[in-house]
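Me: I would like to learn how to read a few features of a structure, one at a time. Please give the general idea, then the case at hand.

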Amino acid sequence: MPEQLPTRKIRSFIRRQGRITQGQEFALEHHWDKYCLTPDNPLDTIQVFGRLAPLCVEIGFGNGDCLAQLAAANPDKDYLGIEVHRPGVGHLLMRLEEQGLHNVRVYCHDAIEILTNNVADNSLAAVHLFFPDPWHKRKHHKRRIVQSSFVELLALKLQSGGYFHAATDWEHYAKAMLEVLSADNRLTNASLTDTYCERPAYRPLTKFEQRGLRLGHGVWDLIFIKN
């Protein structure tokens with residue numbers, strides 16, 4: 001019989017280097033060791049942050065402005081940002097250094113691998129996924145990060161009472177996320193109608209979102225709490 005080939009892992013992102021500014025390059029060179037973590041070892045939150053506090057994760061933080069705002073507004077919480085695009089990481093490092101924020105650490109790596117290999121089970125107070133790539137073409141739907149396997153991982157890593165919050169401006173993706181999240185009985189929809197939530201005050205409006213709202217685009221927030 002022919003040799004069984006290993007199954008190729010489907011990634012929910014493409015590594016686009018993009019344009020990097022001098023400021024971002026400077027931040028990556030001079031502040032990487034201060035804020036960025038290596039995926040080689042399990043995350044020791046007390047060693048990394050010097051305390052035991054609620055730990056929140058943002059997957060795919062883009063340029064990091066939202067994450068920096070959340071960290072500044074909630075100094076009693078610790079934040080873990082995961083992003084594969086170096087310009088965005090550099091931009092966040094600039095913000096952290098400018099604002100003197102000490103409650104944020106960053107992985108420039110695949111979020112699924114970090115959650116699986118580095119984050120302890122039942123340890124997360126929150127997981128945020130704001131405006132992920134919708135992979136809107138039908139043939140690319142398999143690349144969407146919110147699949148049943150991802151929900152399985154969420155249920156494993158969130159602590160009891162912890163929540164998952166996703167936001168998207170693609171209604172089709174919102175419906176797909178609602179379906180797959182609702183199928184897991186370890187999670188409870190925070191919406192009173194078992195559909196979508198109003199944007200909570202803690203989630204900052206991004207420039208991208210503000211532009212979309214001005215153009216009449218919809219935004220859908222989903223919040224599910226681990227039982």
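Me: Which residue forms a salt bridge with Lys157, and how far apart are the closest N and O atoms?

Reply: Side chains of opposite charge can pair when their charged atoms come close. In this predicted model, the partner of Lys157 is Asp121, and the closest N and O atoms are 2.7 Å apart. Lys157 belongs to helix H6 and Asp121 to the loop between helix H5 (111-117) and E4, so the salt bridge ties together parts 36 residues apart in sequence.

Me: Is Lys157 buried or exposed?

Reply: Buried: its relative accessible area is 5%, and the cut-off for that class is under 20%. Asp121, at 38%, is partly exposed.

Me: How many salt bridges does the model contain?

Reply: The count is 10. Another one of them joins Asp184 and Arg186, with the closest N and O atoms 2.8 Å apart. Asp184 is buried, at 10% relative accessibility, while Arg186 is partly exposed, at 32%.

Me: Which residues are linked in a network of salt bridges?

Reply: Asp65, Arg95 and Glu98 are linked in this way. Within the network, Asp65 pairs with Arg95, the closest N and O atoms being 3.3 Å apart. Asp65 sits in helix H3 and Arg95 in helix H4, 30 residues apart, and the pair links distant parts of the chain. Both ends are partly exposed: Asp65 has 24% relative accessibility and Arg95 has 23%.

Me: How are the axes of H3 and H4 placed relative to each other?

Reply: The axes of H3 (residues 65-73) and H4 (residues 86-99) come within 9 Å and cross at roughly 25°. Angles under 35 degrees count as roughly parallel, and H3 and H4 are therefore roughly parallel to each other. The crossing is right-handed.

Me: Which residues of H3 and H4 meet?

Reply: From H3 they are Asp65, Leu67, Ala68 and Ala72; from H4 they are His91, Leu92, Arg95 and Gln99. By class, the contact has 4 nonpolar, 2 polar and 2 charged residues. Asp65 and Arg95, listed in this contact, are also the salt-bridged pair.

Me: What is the sign of phi at Phe131 and Asp194?

Reply: Most residues other than glycine have a negative phi. Phe131 has a positive phi, near 55°, and so does Asp194, near 60°. Phe131 lies in the loop between strand E4 (124-130) and helix H6 (148-157). Asp194 lies in the loop between strand E6 (187-189) and helix H8 (207-214). Phe131 is buried, at 18% relative accessible area, whereas Asp194 is exposed, at 54%.

Definitions and conventions: Residues are numbered from 1 along each chain as its sequence is written. This is a predicted model: local features need pLDDT of at least 70, side-chain atom pairs count only at pLDDT 80 or more; totals for chains, interfaces and linings use all residues. Side-chain values use heavy atoms; hydrogens and water are left out. Axes are lines fitted to C-alpha atoms, for helices over the stretch in contact, and angles run from 0 to 180 degrees between N-to-C directions. Helices (H or I, at least four residues) and strands (E, at least two) are DSSP runs, numbered from the N terminus. Angles under 35 degrees count as roughly parallel, over 145 as roughly antiparallel, 65 to 115 as roughly perpendicular and the rest as oblique. A crossing is left-handed if the near helix is turned anticlockwise from the far one by less than a right angle, and right-handed if clockwise. Contact means heavy atoms within 4.5 Å. Ala, Val, Leu, Ile, Met, Phe, Trp, Tyr, Cys and Pro count as nonpolar, Asp, Glu, Lys and Arg as charged, and the others, Gly among them, as polar. Buried means under 20% relative accessible area, exposed over 50%, partly exposed in between (1.4 Å probe, protein chains only). A salt bridge is a side-chain nitrogen of Lys or Arg within 4 Å of a carboxyl oxygen of Asp or Glu.
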